[in-house]
Structure formats: structure tokens, C-alpha cells
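Please read the following as a guided walk through one protein model, with the sequence and the structure kept open beside the text. The path begins at a single residue and then widens to its surroundings.

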Amino acid sequence: MELKEKLSALQQEALAKVNDASDAQGLQQVKVEYLGKKGIITGLMKEMKSLPNEEKPMFGQLVNEARQAVEAAMTEKDAELKEKAINDKLANETIDISLPGRQFNVGSAHPLTKIVEELEDLFIGLGYEVVEGYEVETDYYNFEALNLPKSHPARDMQDSFYITEELLMRTHTSPVQARTLESRKGQGPVKIICPGKVYRRDSDDATHSHQFTQIEGLVVDENIKMSDLKGTLELFAKKMFGAEREIRLRPSFFPFTEPSVEVDISCFKCGGAGCNVCKGTGWIEILGAGMVHPNVLEMAGFDSEKYSGFAFGMGPDRIAMLKYGIEDIRHFYTDDLRFLEQFKAVEDGGSEHVSQ
């Protein structure tokens, strides 16, 4: 068989094998067999030496054309195989859109978180700074710096969990106030709120818990008066419980304030007529407050003749119970989804009263 005829036969043979290739690996084998360094078509160039000189250029051109034809066929076949692989993958991974979709449950803020954030927004708008502190505190900052020396009888109301004789789980967020005052080195003004979790040894029931949240506020500056405290608390009551709310101050005792008051708000359910929420009195006790005791200012390095201030403390747990109609404080800490899911309706603009 002459070289030209042999070349034509090899080209047709290679093209047939390219056409029959079923995958990329088979196509690669054809390429190596015919077009590789030791391939059949490539090897024909070595046989040119047996041709007359005048036929060599023509034969070389024919070999290149055969090579180009096989390469073009292989490129086309490679694209065809890749498209087929993609189509096969799509066919095997097709999503059945007739199936029902998966439902993703969207959570909502915990009711206590909602109340704390509402209070923070309110007081930040009044120029207060939000300051947080340690849940494990020293006896000094938890008691002594707040005018509660060792063996003071008022400590019995705040029996806590002690780690050592000098370390305990804080019983209120007041230590944050003491530390902040100390850090200001006797220079006012000071205007802060202190949110956080506190701990006391208490028997858990519908209205008591060994852990609960608390927010305390502190303002210290020159010429701070009791009227400033009352105005602040009136604004708080109206913002949290409605524009018709009124407050009532009753004399009380706290070691770190003097004078001290218990603060009541007019019942938002009955408007003061008397009901089960206010126990027939028309008023609901909501928080404690008072003017900062001079001893507390002096221990923190402030001149009590120059500076005065007021402080207040409230429990977001109690506020949430009143605002949402919750009857058992333990619901806040048991992570029962049936209880917590009710507050998504509140976030979406539903009623604020949550039935129990």
C-alpha cells in the first residue's frame, strides 16, 4: 500500500475511533495512539525519507492535514462528551419541585431581652451610658462600697451564693455603679444604666427565682434633686406602660440611698379602680429608688457637699410579667417553646398580652 493510501486509511480509522469514544479517557487513548510522540500518524513523517524529493513536500502537507482533521474531530467530540456529562448530571440531580418545601422556623427575641432593649433605648435617648460588669463580684463592691459593711443586718435580704468569703455571685447590679463612680475619680457627671443577671438564695416559685435580671440607673452631678428622679421615673412609666400612667412614691429604706422610696405605678389594667393585677389597690409596686447616700459618694472619691445624685433599680422580669400578663417567672428560664413562640406575635405587631 502506498504511503498516501496508508495515510488516508489511518485518518479514517482514527476518525472512526474518535467517533466511538464514550468518555474523556477513551478519547485521550485515541489521541495518544494516533497523534502522540509515538503515535501512528506522527510516525508516518519518518517514512518520508523513502519518497522522492519532489513528493516529500506534498506528503508532509497531507500528514499535517490528516493530523488537523483528527484534532478537529477530537475537539468536537470532547465538547460533545462534556455536554453529555453535564446533561447526565442534571438529569440525575433533578429536584422534584412537586415536593413540599422545608419549613424553617424563625425565632424571636426572648421576652426579657425585649424588655431590656426597650429600657436601654429609652435611657440612651435620655443621655445615659450602658455599662456592664462582673457577675462574680467581691464582697467590697457588692456590699461595703454601697454602705453595707460586714454584719450589717440589711445583708440578710440579699443572701447570695458565696465562692469564698470575699467572692460571691452578685446580688444586684449596684457593684457596676460603685466601680464606675470609683473610676471617675471624683469627677462628674455620671449618667449610667447597668443591665445584667443577678443571683440570690431564694426559693423558686411563681414570683421568685434564684436568678433574675435587673437594671439599675445612676445619675451623679451638681444640683441633682429628688424632683429629677421623679421626672425620670414618670417618663419611664409612661413609655413602658402607657401615657395615662401615674407614679406614687412611698418612703422606704435602702442602705445606699437616703431618702429612699418604693415606686408604684397606677394599674394599667383597671386604671386605678382595683383588680386582680393590683390586688384591689389601684397601684402596682414596680421599683425602688432614692437619692445616693453621701457615704457611697465619699467612698468613691466624690465630694458629697458638691455632688449629689439619684439611683433606681428595677427588674425586667417583673416588668415583663406585668406588661405581657405572665403569671409565673419560671417561664422565662425553662426554654419552653410553647411559651416563647407567643412573643413572635408581639414582635410582629400583635397584642402585648400573652395568655397563660
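The place of T180 is in helix 7, which covers residues 174-183, and the model in which it is seen here is a predicted one. With a relative accessible area of 8%, T180 is buried, since buried means under 20% relative accessible area. A polar atom of the T180 side chain lies 2.7 Å from the backbone oxygen of V176. Leaving aside residues up to four places away in sequence, T180 touches V131, V190 and I192.

From helix 7 the chain passes into the loop between helix 7 and strand 4, where K185 has its place. K185 has a positive phi of about 55° although it is not a glycine, and at 68% relative accessibility K185 counts as exposed. P189 lies in that loop between helix 7 and strand 4 as well, and the peptide bond that leads from G188 to P189 is cis, with omega near 0°.

Beyond the loop comes the sheet. Strand 4, residues 190-199, pairs with strand 5 in the antiparallel sense over 10 bridges, and within this pairing G196 stands opposite Q214 in strand 5. Seven strands in the order 1-4-5-9-8-7-6 form an open sheet whose pairing is mixed. Strand 1 (129-130) and strand 6 stand at the edges with a single partner strand each, so one side of each is left without a neighbour in the sheet.

Strand 5, residues 211-221, also holds E216, a residue that deserves a pause. What is the nearest side chain of opposite charge to E216, and how far away is it? It is R200, at 6.3 Å, and E216 is buried yet has no salt bridge; a salt bridge would require a side-chain nitrogen of Lys or Arg within 4 Å of a carboxyl oxygen. The side chain of E216 does, however, make a polar contact of 2.5 Å with the side chain of S174. Not counting residues up to four places away in sequence, E216 touches H172, T173, S174, Q177, I192, I193, C194, F312 and G313.

One of those neighbours, F312, leads on to the nonpolar interior. The largest nonpolar core has 43 residues, and F236 and F312 are those with the most contacts inside it. The elements that give two or more residues to this core include strand 5, helix 8 (226-241), strand 8 (283-292) and strand 9 (308-314). Apart from it lies another core, of 24 residues, among them L146, C194, F256 and A311. In soluble globular proteins, nonpolar side chains tend to be buried together. Returning to F236, its contacts beyond four places in sequence are with L119, L122, F123, F241, I286, L287, M314 and I319.

At the other end of the strand order, strand 6 (residues 247-254) and strand 7 run antiparallel and are joined by seven bridges, and a hairpin connects strand 6 to strand 7 through two residues. L249 stands opposite V263 in strand 7. A cis peptide bond, with omega of about 0°, joins E258 and P259, and P259 lies in strand 7. In the loop between strand 7 and strand 8 is K279, a residue other than glycine whose phi is positive, near 55°; at 75% relative accessibility, K279 counts as exposed.

Side chains of opposite charge can pair when their charged atoms come close. The count of salt bridges in the model comes to 17. In one of them, R250 and D264 meet at 2.6 Å, N to O; R250 lies in strand 6 and D264 in strand 7, so the pair ties together parts that are 14 residues apart in sequence. R250 counts as partly exposed at 28% relative accessibility, whereas D264, at 2%, counts as buried. Salt bridges that share partners also join D139, E144, K150 and E166 into one network.

Helix 4 (residues 56-92) contains both E80 and K77, three residues apart, about one turn of the helix, and these two form a salt bridge whose closest N and O atoms are 3.5 Å apart. E80 counts as partly exposed at 46% relative accessibility, while K77, at 9%, counts as buried. K84 and D88 both lie in helix 4 too, four residues apart, and their salt bridge brings the closest N and O atoms to 3.0 Å. K84 counts as partly exposed at 48% relative accessibility, and D88 counts as partly exposed at 35%.

Note on methods
Residues numbered from 1 in each chain as written. Predicted model: local features only at pLDDT ≥ 70, side-chain atom pairs only at ≥ 80, totals over all residues. Heavy atoms only, no water. Buried < 20%, exposed > 50% of the residue type's maximum accessible area, 1.4 Å probe, protein only. Lys, Arg positive; Asp, Glu negative; His and termini not counted. Polar contact = N/O pair within 3.5 Å; in protein donor to acceptor, adjacent residues only side chain to side chain. Contact = heavy atoms within 4.5 Å. Core = buried A, V, L, I, M, F, W, Y, C linked by side-chain atoms within 4.5 Å. Pairing = 2+ DSSP bridges.
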